[in-house]
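Work through the following exercises with the sequence and the structure open beside you. Try each task on your own before you read its solution.

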Amino acid sequence: TLIHKDKEGKLFAEIVTKEIVEKKLYWGYRIKESKSSLSKFIKKNMYLVIATSIKGSKYNEIDFKAKISKEQSKKPLLFLFGSPRLGLKQLLKGTDTKIVEISDLYVNTVPNSGVRSIRLEEAIQISLARLLHTL
């Protein structure tokens, strides 16, 4: 399924056909790699930044409409995920940057998971499913 926003900011889901996948016209969400630091990458680009962490606010306790302006909701989304070894705070350790300074939302998308860390591919799917319909 391909999820996108129209000009008014409404979300639409579109079924991606097998032919499109086989022709490699669509492969799912996009991943960007940057040679610059996380804070510089985000400052250079205009994204609605959602940082995910076990230490963030529980997604079901956030009033997204109050936290995100209409203008912000029209920006492309950038989700930040840590790794099993390093969370986002550890990735920024040694810099003068804090997560709350570079993100619009700091969210725990899987509260009460019962584990210290979940797999990235699971975190991506869960985060997209739980947050996209609220923005």
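**Exercise 1.** Find which residues Ser127 is in contact with, leaving aside its neighbours within four places in sequence, and decide whether Ser127 is buried or exposed.

*Solution.* The model used here is a predicted one. Leaving aside the neighbours within four places in sequence, Ser127 is in contact with Thr52, Phe79, Phe81, Thr109 and Leu132. As a next step, place the residue in the chain: Ser127 belongs to helix H7, which spans residues 120-131. For the last step, the cut-off is needed, and a residue counts as buried when its relative accessible area is under 20%. Ser127 has a relative accessibility of 0%, and therefore it counts as buried.

**Exercise 2.** Determine which polar partners the side chain of Ser127 has, and then describe where Thr109 is found.

*Solution.* Begin with the side chain of Ser127, which makes a polar contact with the side chain of Thr109 at 2.9 Å. The side chain of Ser127 also reaches the backbone oxygen of Ala123, at 2.7 Å. Now turn to Thr109, which is found in the loop between strand S5 (105-108) and helix H7 (120-131). Thr109 has a relative accessible area of 5%, so this residue, too, is buried. To complete the picture, list what Thr109 touches beyond four places in sequence: Thr52, Tyr59, Ile126, Ser127, Arg130 and Leu131.

**Exercise 3.** Asn112 is found in the loop between S5 and H7; decide whether Asn112 is buried or exposed, and state what is notable about its phi angle.

*Solution.* A residue is called exposed when its relative accessible area is over 50%. Asn112 has a relative accessible area of 72%, and so Asn112 is exposed, whereas Thr109, in the loop between S5 and H7, is buried. As for the backbone, phi of Asn112 is near 60°, which is a positive value in a residue other than glycine.

**Exercise 4.** Describe the second largest pocket by its volume, by its lining and by the elements that supply the lining residues.

*Solution.* The volume of the second largest pocket is about 580 Å³. Its lining consists of 28 residues, and those that lie nearest its centre are Thr52, Ser53, Ile54, Arg116 and Ser117. Sorted by kind, the lining residues are twelve nonpolar, eleven polar and five charged. Strand S3 (48-58), helix H5 (88-91), S5 and H7 each supply at least two residues of this lining, and S3 gives the most, with four residues.

**Exercise 5.** Identify which residues make up the largest nonpolar core, and then step back to see how the elements of the chain run from the N terminus on.

*Solution.* The largest nonpolar core is made up of twelve residues, namely Phe41, Ile42, Tyr47, Val49, Ala51, Leu78, Leu80, Leu88, Leu92, Ile99, Ile102 and Tyr106. Helix H2 (38-44), S3, strand S4 (77-80) and helix H6 (99-102) each supply at least two residues of this core. A second, separate core has nine residues, including Leu48, Phe64, Ile68 and Phe79. In soluble globular proteins, nonpolar side chains tend to be buried together.

For the wider view, the chain contains seven helices and five strands, and from the N terminus on they run β-β-α-α-β-α-α-β-α-α-β-α. Of the 135 residues of the chain, 30% count as buried. Finally, among contacts between residues at least 6 apart in sequence, 70% join residues at least 24 apart.

Terms used
Residues are numbered from 1 along each chain as its sequence is written. This is a predicted model: local features need pLDDT of at least 70, side-chain atom pairs count only at pLDDT 80 or more; totals for chains, interfaces and linings use all residues. Side-chain values use heavy atoms; hydrogens and water are left out. Buried means under 20% relative accessible area, exposed over 50%, partly exposed in between (1.4 Å probe, protein chains only). Contact means heavy atoms within 4.5 Å. On a 1 Å grid over the protein atoms alone, a cavity is a set of points where a 1.4 Å probe fits but cannot get out, and a pocket is an open set with protein on both sides within 12 Å along at least five of seven lines; lining residues have an atom within 4 Å of a point. Grid points are joined across faces, edges and corners, and a volume is the space filled by probe spheres set on the points. Ala, Val, Leu, Ile, Met, Phe, Trp, Tyr, Cys and Pro count as nonpolar, Asp, Glu, Lys and Arg as charged, and the others, Gly among them, as polar. A nonpolar core is a set of buried Ala, Val, Leu, Ile, Met, Phe, Trp, Tyr and Cys residues joined through side-chain atoms within 4.5 Å. A polar contact is a pair of N or O atoms within 3.5 Å; within protein, one must be able to donate a hydrogen and the other to accept it, and residues adjacent in sequence count only if both atoms are side-chain atoms.
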